[in-house]
Amino acid sequence: MEKREKNNTPKERASAGPLSLFKSDIEAILQRDPAARTKIEAVLVYPGLHAVWLHRLAHHLWNHGSKLTARLISNISRRLTGIEIHPAARIGQGLFIDHGMGVVIGETAIVGNNVTLYHGVTLGGTSLDKKKRHPTVGDRVTIGAGAKILGDIHIGADSRIGANAVVVKNVPPNSVVVGIPGQVVHRHIPHTASDEPDLHHDKIPDVLGQRVHELSARVAALEEVIARMRAGCEDGTRSDAAL
């Protein structure tokens, strides 16, 4: 079976009905979790799916004025699944929350299509102002376990956030982010919508180690230059003494 995900246009996303959303949520599990065997299993035992579906109900109620009821459903979902999604957050198709315990998605967060979140991920705010204060996550982004995405920033499409990274600045599309604070590394081979989901949040470059290696090589080169200069000075001193 070919494992490709649809890259819907904004117009198609807006017109997607509840049935289409529910189907894409189930397919996301089957495509991105090797442990998932059947659709029935995904529906019955995946708390990430339950959290997404309860959020879709809460979000509908929130948008139609039933804000207290929406918050109650969100709270029930958190107690049942360990995943907290504010009813006002905007979630695209095919969101897969793997394991999910400890995931928090804030009020003004926007999550694109075919995004993957692992446990302990936070899409958090950094302001007390009643405005857009949570991240916007582009399509096909993978966010590794324990990563924190903070503030009104944008994570570009097809990017991968390494486990436990802390991201506080915008991330261009097709990037890999590692470390605290997050350091952006551009992909050598871009990821596209037609590629299989990129779930390798364990494959992260050692940015700090690379910088230390570069500095060590630079220091060694400078020491060699200084040694040659000293040798030249000593040779000149000997020549003067001989005269």
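A residue counts as exposed when its relative accessible area is over 50%, and as buried when that value is under 20%. In this predicted model, I40 has a relative accessibility of 61% and is therefore exposed. I40 belongs to helix 3, which covers residues 39-45. Together with L44 and V45, I40 makes a nonpolar surface patch of about 330 Å².

From this surface patch, the description turns to helix 4. Helix 4 runs over residues 47-63, and its 17 residues should span 24 Å at 1.5 Å a residue; the C-alpha atoms at its ends are 24 Å apart, so expectation and model agree. A good number of side chains can be followed here: the buried residues of helix 4 are G48, L49, A51, V52, H55, R56, A58, H59, L61 and W62. An α-helix has 3.6 residues a turn, so residues three or four places apart point the same way. The cover over the buried residues of helix 4 includes helix 2 (18-32), helix 3 and helix 5 (67-81). Strand 1 (84-85), strand 2 (90-91) and strand 3 (96-98) are also among the covering elements. Just beyond the helix, G65 adopts a positive phi of about 90 degrees.

Within helix 4, H55 offers a closer view of this cover. Its relative accessibility is 5%, so H55 is classed as buried. Setting aside residues up to four places away in sequence, H55 touches I85, H86, P87, A89 and I91.

The nonpolar interior can be described next. The largest nonpolar core holds 28 residues, and those with the most contacts inside it are I105, L117, L123, I143, I155, I161 and V167. A second core, separate from this one, has nine residues, including I26, L30, Y46 and F96. For L117, the contacts outside its neighbours within four places in sequence are L95, F96, I97, D98, V103, I105 and I143. L117 thus touches F96, a residue of the second core, as well as I105 and I143, which are listed for the largest core.

Finally, V167, one of the residues with the most contacts in the largest core, can be placed relative to V178. These two valines are 11 residues apart along the chain, and their C-alpha atoms are separated by 8.5 Å. V178 lies in strand 14, which is made of residues 175-178. With a relative accessible area of 7%, V178 is buried, whereas I40 in helix 3 is exposed at 61%.

How values were computed:
Residues are numbered from 1 along each chain as its sequence is written. This is a predicted model: local features need pLDDT of at least 70, side-chain atom pairs count only at pLDDT 80 or more; totals for chains, interfaces and linings use all residues. Side-chain values use heavy atoms; hydrogens and water are left out. Patches are made of residues with over 30% relative accessible area and no salt bridge: like charges are joined within 9 Å, nonpolar side chains (Val, Leu, Ile, Met, Phe, Trp, Tyr) within 5 Å. Accessible areas come from the Shrake-Rupley method with a 1.4 Å probe; for residues, only the protein chains shown count as cover. A salt bridge is a side-chain nitrogen of Lys or Arg within 4 Å of a carboxyl oxygen of Asp or Glu. Helices (H or I, at least four residues) and strands (E, at least two) are DSSP runs, numbered from the N terminus. Buried means under 20% relative accessible area, exposed over 50%, partly exposed in between (1.4 Å probe, protein chains only). A nonpolar core is a set of buried Ala, Val, Leu, Ile, Met, Phe, Trp, Tyr and Cys residues joined through side-chain atoms within 4.5 Å. Contact means heavy atoms within 4.5 Å. The expected span of a helix is 1.5 Å times one less than its number of residues.
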